[in-house]
Amino acid sequence: MSIIDLRSDTITRPTPSMRKAMAEAEVGDDVFGEDPTVNRLEAMAAERMGKDAALFVSSGTMANIVSQLTHCRRGEEMILGDRSHIFFYEGGGSAALGSIHSRTLPNRPDGILDLTAVEAAIRPDNIHFPRTRLLVLENTHNRCSGAPLPVDYMKRVGELARRHGLKVHIDGARIFNAAVALGVPAADLVADADSVSFCLSKGLAAPVGSLICGNADFIREARRNRKVVGGGMRQAGILAAAGVAALTEMVDRLADDHANARRLVRGLADVPGLSVRPEAVTTNIVYMDIEREGMTAQALSGALEREGLRILPTGPFQLRAVAQYHVAADDIDRALKKIRTVMGR
Ligand code: TLP
């Protein structure tokens, strides 16, 4: 039985062209700044994001912690969404490694942080309060149905941040999904941000790696912090070569994943015992809530696994399916059939 794996776009394997590029990559010691392939990838990434410079790191989590360490000092405060990946899924690294004080605000279902609430959360200058240093947004927003944050919102964020002297970091693990869904260049989505991180190893299918982009001073400092967390890699051009291929060849096809996610959510809408929000799905992530007495997400994912379908439990009664490179439209139809079988229709 062939398995359909919808747990995440992180499970994507490198394409034949990535494997070839990796095998042939020119390499050097990147801690000395001498790996030509890493340098090329960093230059490409900076250009795509409209920033001066970029830094190659091992993961989205490392990109986010290095960015936080570079923006904030001990005891300073960061405003972020209560459903954000940094708050939810990064092992409390902000506190553990950065002594950064997290101030969470509720994410709306479309991933947005209400800017009136953000403004109200910014601390006045008073010795009792931590200094509010950083505002973090996530685009697309993983735990908010993969929602893309639009350009006009980002402009208003930038205006607010400048008015209050706040830095802005975008966790853009899936920024290219946002750009493709909104039909805008990724650079337009991060023009008002001081830093953006994005991942090569999700929908773009590279095996490893993320980038941080920002101005030259920020990236110089981030390079120090990457070393501190043990992220200075040596002949990393082997990995960067796959990243170059990912940026060159894999961005436009994200539209196929978005179409497949919509196909899935439309099909799920009439499955008894599951609740979905088709109107919320514009990129590659579909959440479903179980509305059946006695059925848990673990039990449902176990039953689907036995049918050859992998879906990720993301809460006691919630699961997530992510469309990705190895899944075609007819796999979505097969997946729907399996879900109907298990749910009894
Ligand atoms: N997200 C993973 C899991 O950790 C949940 C996934 O399967 O979606 N920012 C965002 C918005 C992310 O979704 C992720 C990964 C990261 C950062 C971290 O990236 P990695 O896994 O490379 O550290």
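Ala 206 counts as buried in this predicted model, because its relative accessibility is 1%, below the 20% under which a residue is classed as buried. The place of Ala 206 is in the loop between β7 (195-199) and β8 (210-214). Between the C-alpha atoms of Ala 206 and Ile 122, which are 84 residues apart along the chain, the separation is 38 Å.

The loop between β7 and β8 also holds Ala 205. Ala 205 has a relative accessibility of 0% and therefore counts as buried. The backbone of Ala 205 shows a positive phi of about 75 degrees, although the residue is not a glycine. Most residues other than glycine have a negative phi. Gly 203 is placed in the loop between β7 and β8 as well, and with 4% relative accessibility Gly 203 counts as buried. In sequence, Gly 203 and Asp 257 are 54 residues apart, whereas their C-alpha atoms are 8.3 Å apart in space.

Another backbone feature concerns the loop between β5 (132-138) and α7 (151-164), where Thr 140 is placed. The peptide bond that leads from Asn 139 to Thr 140 is cis, with omega near -5 degrees. Most peptide bonds are trans. Ser 145 lies in the loop between β5 and α7 too, and it has a positive phi of about 60 degrees although it is not a glycine. With a relative accessible area of 10%, Ser 145 falls under the 20% limit and is therefore buried.

The ligand sits in the largest pocket of the model. Two elements, α3 (60-71) and α4 (85-89), are those that give two or more residues to the shell around the ligand. The element that gives the most to this shell is α3, with 3 residues. Of the 16 residues around the ligand, those that come nearest are Ser 8, Thr 61, His 85, Asp 171 and Arg 174. By residue class, the shell around the ligand divides into 8 polar, 6 charged and 2 nonpolar residues.

Side-chain contacts with the ligand involve both oxygen and nitrogen atoms of the ligand. For Ser 8, a polar side-chain atom lies 2.7 Å from an oxygen atom of the ligand. For Asp 171, a polar side-chain atom lies 2.7 Å from a nitrogen atom of the ligand. In the side chain of Lys 202, an N or O atom is 2.9 Å from an oxygen atom of the ligand. On its own the ligand has 510 Å² of accessible area, of which the protein covers 83%.

His 169 belongs to strand β6, which spans residues 167-171. The relative accessibility of His 169 is 1%, so this residue counts as buried. Its side chain takes part in polar contacts with two other side chains. One of these contacts, at 2.7 Å, is made with the side chain of Ser 195. The other contact, at 2.9 Å, is made with the side chain of Asn 64.

Towards the start of the chain, Ser 2 is placed in the segment before β1 (4-5). Ser 2 counts as partly exposed because its relative accessibility of 46% lies between the limits of 20% for buried and 50% for exposed residues. Ser 2 and Arg 156 are 154 residues apart in sequence, and the distance in space from C-alpha to C-alpha is 47 Å.

Definitions and conventions:
Residues are numbered from 1 along each chain as its sequence is written. This is a predicted model: local features need pLDDT of at least 70, side-chain atom pairs count only at pLDDT 80 or more; totals for chains, interfaces and linings use all residues. Side-chain values use heavy atoms; hydrogens and water are left out. A residue is near a molecule or strand if one of its heavy atoms lies within 4 Å of it. A polar contact is a pair of N or O atoms within 3.5 Å; within protein, one must be able to donate a hydrogen and the other to accept it, and residues adjacent in sequence count only if both atoms are side-chain atoms. Accessible areas come from the Shrake-Rupley method with a 1.4 Å probe; for residues, only the protein chains shown count as cover. On a 1 Å grid over the protein atoms alone, a cavity is a set of points where a 1.4 Å probe fits but cannot get out, and a pocket is an open set with protein on both sides within 12 Å along at least five of seven lines; lining residues have an atom within 4 Å of a point. A molecule sits in a cavity or pocket if more than half of its atoms lie within 2 Å of its grid points. Helices (H or I, at least four residues) and strands (E, at least two) are DSSP runs, numbered from the N terminus. Ala, Val, Leu, Ile, Met, Phe, Trp, Tyr, Cys and Pro count as nonpolar, Asp, Glu, Lys and Arg as charged, and the others, Gly among them, as polar. Buried means under 20% relative accessible area, exposed over 50%, partly exposed in between (1.4 Å probe, protein chains only).
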